[in-house]
Each structure stands twice: as structure tokens, then as C-alpha cells.
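Reader: Hello! I'm new to this structure and would love a close look at one part of it. Could you walk me through the sheet and what lies against it?

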Amino acid sequence: MDTVASNEFKIIFTGPMGAGKTTAITAISDKAAVSTDVVNTDQAQCEKELTTAALDYGQIALPDNSCVRLYGTPGQDRFRFMWPILMKNAAGVIVLLNGDHPELEQHLEHFVEAFGEGRDVPMVIGVGRLPENDHSRLERLAMQLEQRGVALPLFDTDVRKQDDVLLLVDALLCLIEANDTGRMEA
Amino acid sequence: MKSESPLGKTATLLVQQELEKFGETKGVTSAVLLTSDGFEVAALKMDKESASKLAAMGSSLAAIGSAIAKEASLKECSRLIVESEEGVVAVMEVPNVTPPMSLAVVANDASILGQLLWAAKNCCLGLEKKLKELITA
């Protein structure tokens with residue numbers, strides 16, 4: 001019989017269509033990730049062959065024997081009904097954004113607001129496809145968040161790279177831990 | 001966001017006729033033909049907003065059904081049924097069409113499950129035939 005993990009965390013990957021949620025979960029999951037990819041007929045919205053219609057699922061075991069369950073949401077608004085279903089009992093949220101998208105700022109607003117601005121549960125943001133050695137877009141996004149009155153960690157993330165995605169997960173787990181400690185002390 | 005059906009006007013009309021025929025089945029309250037990524041293609045007895053919502057939910061259910069079937073080493077998920085005291089929702093695949101499509105049907109407690117599923121299956125086969133004829137025409 002498998003050893004039962006002493007701690008389990010459920011974390012959510014969200015963001016617009018084409019931000020790389022499925023790729024990110026696939027990049028770090030210990031076992032083959034479960035996906036609900038279907039043929040994408042909306043090429044105008046995003047030129048890719050497949051899109052997630054329900055959820056992605058993967059999991060990673062941490063050295064301390066805890067288990068992180070990774071859930072990916074669909075990005076399109078028509079699948080918004082899936083978001084609260086997946087968010088139930090989630091310990092934190094990772095928002096992934098495509099830094100090359102013309103509506104990058106709107107996407108940031110949309111997803112940060114829809115998933116609670118880091119107030120209900122901790123949130124970190126990973127931005128992909130940024131120009132090399134140019135942090136101006138990240139700075140712009142940070143300022144945008146500041147204007148909203150929220151401070152969230154922002155990372156330059158290549159979702160195809162395991163280390164980049166694990167960095168996001170590590171950062172989120174640190175926030176979750178800090179949050180829990182704060183709650184206990186309160 | 002897309003507002004048009006992925007099918008042309010003639011195809012949409014033919015599809016609508018198939019749905020109307022299916023709508024005569026006892027207990028059927030509504031139905032929607034949807035693409036596997038959640039867009040409404042045609043709807044029966046539903047307003048646009050409800051049809052869009054059922055199309056998105058139907059596609060998520062179908063995708064979860066396929067994922068579970070795959071996990072269980074089953075070849076595919078051809079049908080998914082949600083049963084309640086007040087009625088039934090069923091989502092089933094329309095075979096061999098491009099783009100991939102499913103039919104989501106809603107029926108009340110006057111429906112008889114076997115009859116409903118039989119009629120829905122025939123509707124899917126009818127849709128397959130009509131859409132194939134259009135492609136080869």
C-alpha cells in the first residue's frame with residue numbers, strides 16, 4: 001500500500017486560452033497528466049490545434065512527503081462555470097499569461113479579479129513569451145497591480161521548462177505556508 | 001468570441017430538421033448540437049443564452065467522459081447520462097463528423113430513458129448522414 005501523504009495541497013493553474021496551462025502541468029507532473037483536450041475550432045481566438053474543455057490534472061510529490069495536486073482550468077469565458085468547481089478547497093492559484101498577447105493587460109485584470117486577487121487564497125503570476133532581457137512588460141504589469149492595490153509575485157516563465165514552472169509552485173507554496181502561519185498566529 | 005455556427009446555412013437548416021424530428025420524442029424539453037470545444041451549432045427549444053451554456057457544459061462533460069474512459073482503458077466515451085428525479089441530461093457523440101460534435105439533450109420525468117437514448121442515437125446517426133452528404137455533395 002502506498003504511504004499516505006502527510007500534507008496535500010490543491011493548486012490551480014489558470015489564465016487565458018493559449019497561456020500554457022496544460023503545458024505547465026505536463027512539464028512538472030510526476031505521472032502522466034490527465035487532460036481534456038479537444039479540437040479547437042476557434043482559430044480566430046488562438047491558433048492552436050487543441051484546447052482544454054474541462055480540466056487538466058497532475059500531481060507532484062515533494063521531498064517532505066507532501067503531495068501537490070495540480071488542476072488546470074479552461075481559459076475561455078464560456079467555460080467559466082468550471083472555475084468555482086475547480087477552485088473548491090484550493091490552497092492557491094497560479095495565473096499564467098501570454099506576454100506576447102495584445103490584450104495582456106486585460107487578461108491580467110480579468111484573471112486576477114476572477115480568482116480573488118490573492119485575497120482569498122495566495123496567488124502568483126507567471127508571464128511567458130517575453131522579449132529576452134526586457135523586463136518592461138513585467139514592470140508594467142506590476143504597476144497595473146499596484147494601481148489595483150494588490151501586490152502579487154510576478155515571474156518571467158517559460159511553461160515548457162520544468163524549473164520555471166516549479167519556481168512558480170515553490171513561490172506559491174511559500175505564500176501558502178506564510179498565510180497558514182499568519183492565520184494560526186491571528 | 002465566435003457568434004456564427006461552424007456550419008453553413010444549408011447544413012444548419014438540415015441539422016435543425018433532425019433536431020425537430022428528435023424533439024417529438026416523449027419528454028424531450030431541449031437539445032443542442034455542439035462542437036467538442038463548446039460552441040453551439042444548432043439548438044432545439046432553447047434561447048441563445050441557454051443553448052450556449054448547455055453547449056459549453058456539454059462539451060466539458062464529454063471531455064471528462066473521454067478522459068475517464070481513457071484512464072479506465074476503455075476505447076472511447078460514446079455517451080454520458082446525468083439522471084435525476086426530475087429528468088435526464090444526456091450527452092452523446094455524433095460519430096465521424098468534422099469538427100467533432102456531440103448532442104446534448106434534456107428531458108423531463110415524462111421521458112422513458114431507453115426510448116430517449118434510442119431516439120437520441122438515431123438523431124446522431126441522422127446528423128452524421130446529413131453532414132456527410134453535404135461534404136460529398
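Author: Happy to; we'll begin with the sheet, follow what packs on it, and then step back to the chains around it.

Please keep in mind that this is a predicted model. The sheet belongs to chain A, where seven strands line up in the order E2-E3-E4-E1-E5-E6-E7. The sheet is open, and its pairing is mixed. Strands of a sheet pair through backbone hydrogen bonds, and they may do so parallel or antiparallel. At the edges of this sheet you will find strand E2 (34-39) and strand E7 (154-156) of chain A, each of which pairs on one side only. From one strand to the next, the twist averages 20 degrees.

Let's start at the E2 edge. E2(A) is joined by five bridges to strand E3 (residues 50-61) of chain A, and the two run antiparallel. To find your place there, look for Ser35(A), which stands opposite Asp56(A) in E3(A). Now bring in the other chain: H2(B) packs on the sheet, where it touches E2 and E3 of chain A. The direction of H2(B) makes about 130 degrees with that of E2(A).

That helix is a good guide to how the two chains meet. In total, 18 residues of chain B are in contact with 16 residues of chain A. Helix H2 of chain B, residues 48-71, gives the most to chain B's side, with nine residues. Sorted by class, that side of chain B has nine nonpolar, six polar and three charged residues.

At the E7 end of the sheet, the neighbour comes from chain A. Helix H4 (residues 136-148) of chain A lies across strand E6 (123-128) and E7 of chain A, and runs at about 165 degrees to E7(A).

Next, look at the nonpolar core. The largest one has 88 residues, and those touching the most other members are Ile94(A), Val95(A), Ala31(B), Leu33(B), Leu103(B) and Ala120(B). H2(B) turns up here too, giving the largest share of this core with nine residues. Val95(A) is a nice residue to pick out: leaving aside residues up to four places away in sequence, Val95(A) touches Thr14(A), Gly15(A), Phe111(A), Val112(A), Phe115(A), Met123(A) and Ile125(A).

Another part of chain A worth a visit is helix H1 (residues 21-28). Six of its eight residues are buried, so the helix is largely enclosed by the rest of the structure. The buried ones are Lys21(A), Thr22(A), Ala24(A), Ile25(A), Thr26(A) and Ile28(A).

Finally, let's see each chain as a whole. Chain A has five helices and seven strands, which run β-α-β-β-β-α-β-α-β-α-β-α from the N terminus on. Its C-alpha trace spans about 50 × 40 × 35 Å along the principal axes. A compact globule of 186 residues would have a radius of gyration near 16 Å, and chain A agrees with its 16 Å. Of those 186 residues, 40% are buried.

Chain B has three helices and five strands, in the order α-β-β-α-β-β-β-α from the N terminus. The C-alpha trace of chain B spans about 40 × 35 × 30 Å along its principal axes. For its 137 residues, a compact globule would have a radius of gyration near 14 Å, and the 14 Å of chain B agrees with that. Buried residues account for 45% of chain B.

Conventions:
Residues numbered from 1 in each chain as written. Chains lettered and ligands numbered in written order. Predicted model: local features only at pLDDT ≥ 70, side-chain atom pairs only at ≥ 80, totals over all residues. Contact = placed C-beta atoms within 7 Å. Helix = DSSP H or I, 4+ residues; strand = E, 2+ residues; numbered from the N terminus. Nonpolar A, V, L, I, M, F, W, Y, C, P; charged D, E, K, R; others polar. Rg over C-alpha atoms; globule rule 2.2 N^0.38 Å. Buried ≥ 20, exposed ≤ 12 C-beta atoms within 10 Å, placed from the backbone. Pairing = 2+ DSSP bridges. Axes fitted to C-alpha atoms, helices over the stretch in contact; angles between N-to-C directions. Core = buried A, V, L, I, M, F, W, Y, C linked by C-beta atoms within 7 Å.
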